[in-house]
Amino acid sequence: MNFLVQIKLQLMVTGRVDLRSDTVTKPSEAMRAAMANAEVDDDVFGYDPTALRLETEMARLTGKEAAVFVPSGTMGNLISVLVHWEIRGSEVILGDKSHIHIYENGGISTIGGVHPGTVKNKEDGTMDIDLIEAAIRDPKLDICYPVTRLICLENTHVKHLEFLFIGLCRLLIQFRYMVCLSKGLGAPVGSVIVGSKAFIARAKTLRKTLGGGMKQVGVLCAAALFAVQHNVGKLEGDHKKANLAGNICKGGFSIGI
């Protein structure tokens with residue numbers, strides 16, 4: 001069905017098309033049914049079968065050894081940074097437009113004692129690899145400067161992240177990822193951190209420290225698993241529709257929000 005026809009039908013049925021954000025997606029009836037029928041147990045002890053299925057699937061999809069479900073992307077980002085930190089006052093290099101730096105309440109500093117060292121994001125969201133290298137502190141001067149221990153990349157605002165990954169291979173040995181499932185995929189809650197088994201074991205401890213350890217979390221993980229299994233394939237079409245809507249607006253038409 002033509003996208004413009006879909007918009008008109010949506011307006012006829014509900015009176016509006018909600019384009020505020022990818023965070024306002026709502027669970028489908030099928031997703032709600034999966035939540036209602038989820039097998040559950042105590043996830044803090046590692047017994048919840050639905051959480052285990054989600055984490056196993058996410059590790060498989062990303063090619064990592066292990067994964068852990070967390071309540072939010074903000075917590076997932078904070079945990080991922082803190083896993084690397086044993087010395088307060090160390091530095092992380094990140095984009096000056098990244099969510100960690102701007103939109104997450106300064107958690108890496110207020111909770112983790114981590115110093116942010118920013119590199120300017122280009123218009124397409126990437127960072128110049130040479131600027132990243134130049135931002136790394138000389139460890140011989142740690143009497144004056146914080147020690148650079150981590151580089152954070154974020155694809156929320158990056159259009160060509162794969163090129164940056166290729167360049168960073170000469171700087172980094174391992175990548176760990178945090179994947180949000182509550183945006184365009186339609187899950188109501190949750191993100192997943194993936195990495196090595198040792199990294200995820202430490203992440204689970206920090207999740208508990210930050211209040212993210214939950215009991216019968218399979219109810220939430222069932223929605224996330226449904227999103228991964230059924231909604232990922234719809235993203236390409238969603239991107240095309242969003243691009244079309246943007247072009248319509250640029251052409252002088254308006255879409256009310």
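Begin by selecting helix α4 and colouring its buried residues, which are Gly73, Met75, Gly76, Asn77, Leu78, Ile79, Ser80, Val81 and Leu82. With these highlighted, the helix can be seen to be mostly covered, since nine of its 10 residues are buried. Keep in mind throughout the tour that the model on the screen is a predicted one.

Next, leave α4 (residues 73-82) on display and add helix α9, residues 197-209, which packs against α4 at an angle of about 120°, the two axes lying 9 Å apart. That angle makes α4 oblique to α9, and the crossing of the two helices is right-handed. To look at the contact itself, show the side chains of Met75, Ile79, Ser80 and Leu82 in α4, together with those of Phe199, Ala203, Leu206 and Arg207 in α9, for these are the residues that meet. Sorted by class, this contact of α4 with α9 holds six nonpolar residues, one polar residue and one charged residue. Met75, Ile79, Ser80 and Leu82, on the α4 side of the contact, are also among the buried residues of that helix.

While a helix is on the screen, one general point is useful: an α-helix has 3.6 residues a turn, so residues three or four places apart point the same way.

Now turn to a second helix pair and select α2, residues 29-36, with α10, residues 218-230; these pack at an angle of about 140°, and their axes are 7 Å apart. Here too the angle makes the arrangement oblique, α2 against α10, and the crossing is right-handed. On the α2 side, pick out Ala30, Met31, Ala34 and Met35, and on the α10 side Val219, Ala222, Ala223, Phe226 and Ala227, which they meet. By class, the contact of α2 with α10 has nine nonpolar residues and no polar or charged ones.

From the helices, move to the loop between β5 (177-180) and β6 (191-195), and select Ser182, which is placed there. Is Ser182 buried or exposed? Its relative accessible area is 18%, so Ser182 counts as buried, the cut-off being under 20%. If neighbours within four places in sequence are left aside, Ser182 is in contact with Asp22, Thr23, Thr25, Ala187, Pro188, Val189 and Gly190, and showing these residues as sticks will display its surroundings.

Another loop to visit is the one between α7 (129-135) and β4 (148-151), where Asp142 is found. Asp142 is partly exposed, at a relative accessible area of 49%. Draw a distance from its C-alpha to that of Ser90, and the two should be 9.7 Å apart in space, although 52 residues separate them in sequence.

For the cysteines, select Cys180 and then Cys221. Cys180 counts as partly exposed, at 26% relative accessibility, whereas Cys221 is buried, with a relative accessible area of 0%. A search of the whole structure finds zero disulfides.

Finally, zoom out to view the protein as a whole, in which there are 11 helices and six strands. Of its 257 residues, 38% count as buried. Among the contacts with a separation of 6 or more, 70% are accounted for by residues 24 or more positions apart.

Methods
Residues are numbered from 1 along each chain as its sequence is written. This is a predicted model: local features need pLDDT of at least 70, side-chain atom pairs count only at pLDDT 80 or more; totals for chains, interfaces and linings use all residues. Side-chain values use heavy atoms; hydrogens and water are left out. Axes are lines fitted to C-alpha atoms, for helices over the stretch in contact, and angles run from 0 to 180 degrees between N-to-C directions. Helices (H or I, at least four residues) and strands (E, at least two) are DSSP runs, numbered from the N terminus. Angles under 35 degrees count as roughly parallel, over 145 as roughly antiparallel, 65 to 115 as roughly perpendicular and the rest as oblique. A crossing is left-handed if the near helix is turned anticlockwise from the far one by less than a right angle, and right-handed if clockwise. Contact means heavy atoms within 4.5 Å. Ala, Val, Leu, Ile, Met, Phe, Trp, Tyr, Cys and Pro count as nonpolar, Asp, Glu, Lys and Arg as charged, and the others, Gly among them, as polar. Buried means under 20% relative accessible area, exposed over 50%, partly exposed in between (1.4 Å probe, protein chains only). A disulfide is a pair of cysteine sulfur atoms within 2.5 Å.
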